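Here is a short briefing for someone meeting this structure for the first time. Please look over the sequence and the 3D view, then read on by topic.

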Amino acid sequence: MVAESRQLRCLIAAGGTVGHVAPSLAVAEALRERGVAVTFAGSRERVEARLVPEHGYPFDSFPIAGFPRRPGPRLVRALGLAAASPAACLRILARRRPDVVLGGGGYVAGPMVLAAWLRRIPAALTEADAHLGLANRLAAPFARRLFLAYPIPGLDGKARVVGRPIPAASRALPREQARGALGLPLEGAVLGVFGGSLGARTLNELALETWATAGPAVLHVCGERDYGELRARAVRPEYRLVPFLDEFGAALGAVDLIVSRSGGSVWEIAAAGRPAILVPYPEATANHQRANAEYFARAGGAVVVDDRQARELVPRLVAELLADPRRLSGMGEAMRAAAKPDAAERIADELVSLAAARR
């Protein structure tokens, strides 16, 4: 599929959070396997500036910032950067000369997809939630393909429902290996509490109030924002509190049940076949985390709990589920059945086709 004259090139613009960067790295892995040269672009101030070079990909930065929800100086600055960003993206495209561009999520994706359209380079977008975000709604007219994690009504024929790409680091390790690596008990149940790379205060407080001094072994990924003030509260060795894990597959392999928000990482939970209690973030745009959670609840792999009721209901649900291995097993099988583990490969194949057609 790759032309003999020159190696196909793909540029991926993704960033802001690990939830955008990790799936894009999974697509990059699949593209490399197909002989495509991959580079990334994003903000020098966000997580992509660290993660992308760590995974061995060239990285170009350009000034960009997300839009705050409230008016003020930060919004004025963000608008100014947004106005200037297409020109910066055009310069990156002129230097890298990609055959295809992928907007992998976050506010860095839109300007790059627009710049690709201006240079007549085919481009595609990914959407990890059950709601098309503002950046993707603005950029969609300039893209040839729109890769969706969930079905979204009302989109045109360019949309493909493929699931969410799972990077190698998020594929579950064998249980004994995972627990040994994380210093968790090799026997007995382990509960996972995951709030995403930035953390979730509701889940952080709930977990420490309920299990910090007694209960099942816990792996609590609290986020870097709150770790400093929380770490002294985890007082027993079976309660493992960490700010972040680069190798999320170890966490998935170690636990029997997960309490989590329902952002994009819920697809990694599903691919690992782990049952989940999902507590959607109530301030998520268009309540998309609830839609994400309900997708897996309908499949039979998750229980959805409202954020306002989490402290009351989650501890009881955890106790009930950990005491019922048969129900846990059934939920895990339902999660795995709802996952789409070939998402990265499907996206990579479509990108190669778009690039080859241009040449």
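## Strands, cores and rings

Strands β12 and β13 run parallel and are joined by 3 bridges. The model is predicted. Two open sheets are described below, one of 6 strands and one of 7 strands. Nonpolar cores, aromatic rings and two single residues follow.

**The sheet of 6 strands**

- The strand order is β10-β9-β8-β11-β12-β13, and the pairing is parallel.
- This sheet is open. Its edge strands are β10 (239–242) and β13 (302–304), and each of them pairs on one side only.
- From one strand to the next, the twist averages 15°.
- Where β12 meets β13, A276 has A302 as its bridge partner.
- β8 and β9 run parallel and are joined by 5 bridges. One bridge links V190 to A217 in β9.
- β9 also pairs with β10, in the parallel sense, over 4 bridges. There, V218 has Y239 of β10 as its bridge partner.

**Strand β9 in its surroundings**

- Is β9 enclosed or open to the outside? It is largely enclosed by the rest of the structure, because 5 of its 5 residues are buried.
- Both faces of β9 are covered. A217, L219 and V221 are buried on one side, and V218 and H220 are buried on the other.

**Helices across the sheet of 6 strands**

- Helix α7 (residues 201–211) lies across β8, β9, β10 and β11 (257–260). Its direction is at about 150° to β8.
- Helix α12 (residues 310–322) lies across β8, β11, β12 and β13. This helix runs at about 165° to β11.

**The sheet of 7 strands**

- This sheet is also open, with the order β3-β2-β1-β4-β5-β6-β7 and parallel pairing.
- The edge strands are β3 (59–61) and β7 (159–161), each pairing on one side only.
- Neighbouring strands are turned against each other by 20° on average, direction ignored.
- Strand β2 (residues 37–42) runs parallel to β3, and 3 bridges join the two. F40 stands opposite F59 in β3.
- Helix α1 (residues 18–33) packs on this sheet. The helix touches β1 (9–13), β2 and β4 (100–103). Its direction makes about 160° with that of β2.

**Nonpolar cores**

- In soluble globular proteins, nonpolar side chains tend to be buried together.
- The largest nonpolar core here has 34 residues. Those with the most contacts inside it are F194, L219, W267 and F296.
- Several elements give two or more residues to this core, including β8 (190–194), β9 (217–221), α10 (266–271), α11 (288–299) and α13 (325–338).
- Which element gives the most to this core? That is α9, with 5 residues.
- A second, separate core has 33 residues. Among them are A28, L31, F40 and A355.

**Aromatic rings**

- How many aromatic pairs does the structure hold? There are 9.
- Y150, W267, Y295 and F296 form one aromatic cluster.
- W267 touches the other three members of that cluster, Y150, Y295 and F296. Among its other contacts are A128, A149, G163, R164, I166 and K340. Residues up to four places away in sequence are not counted.
- W267 and F296 also rank among the residues with the most contacts inside the largest nonpolar core.
- R32 lies over the face of Y57, at 3.9 Å from the ring centre.

**Two partly exposed residues**

- P63 lies in the loop between β3 and α3 (73–96). Its relative accessibility is 42%, so P63 counts as partly exposed.
- P63 and S85 are 22 residues apart along the chain, and their C-alpha atoms are separated by 6.7 Å.
- W117 lies in helix α4 (residues 109–118). With a relative accessible area of 46%, W117 is partly exposed.
- W117 and L25 are 92 residues apart in sequence. C-alpha to C-alpha, W117 and L25 are 23 Å apart in space.

Methods. Residues are numbered from 1 along each chain as its sequence is written. This is a predicted model: local features need pLDDT of at least 70, side-chain atom pairs count only at pLDDT 80 or more; totals for chains, interfaces and linings use all residues. Side-chain values use heavy atoms; hydrogens and water are left out. Rings of Phe, Tyr and Trp (its six-membered ring) pair if their centres lie within 6.5 Å; planes under 30 degrees apart count as stacked, over 60 as edge-to-face and the rest as tilted. A charge sits over a ring if NZ of Lys or CZ of Arg is within 6 Å of the ring centre and within 35 degrees of the ring normal. A nonpolar core is a set of buried Ala, Val, Leu, Ile, Met, Phe, Trp, Tyr and Cys residues joined through side-chain atoms within 4.5 Å. Buried means under 20% relative accessible area, exposed over 50%, partly exposed in between (1.4 Å probe, protein chains only). Contact means heavy atoms within 4.5 Å. Two strands pair if DSSP finds at least two bridges between them. Axes are lines fitted to C-alpha atoms, for helices over the stretch in contact, and angles run from 0 to 180 degrees between N-to-C directions.
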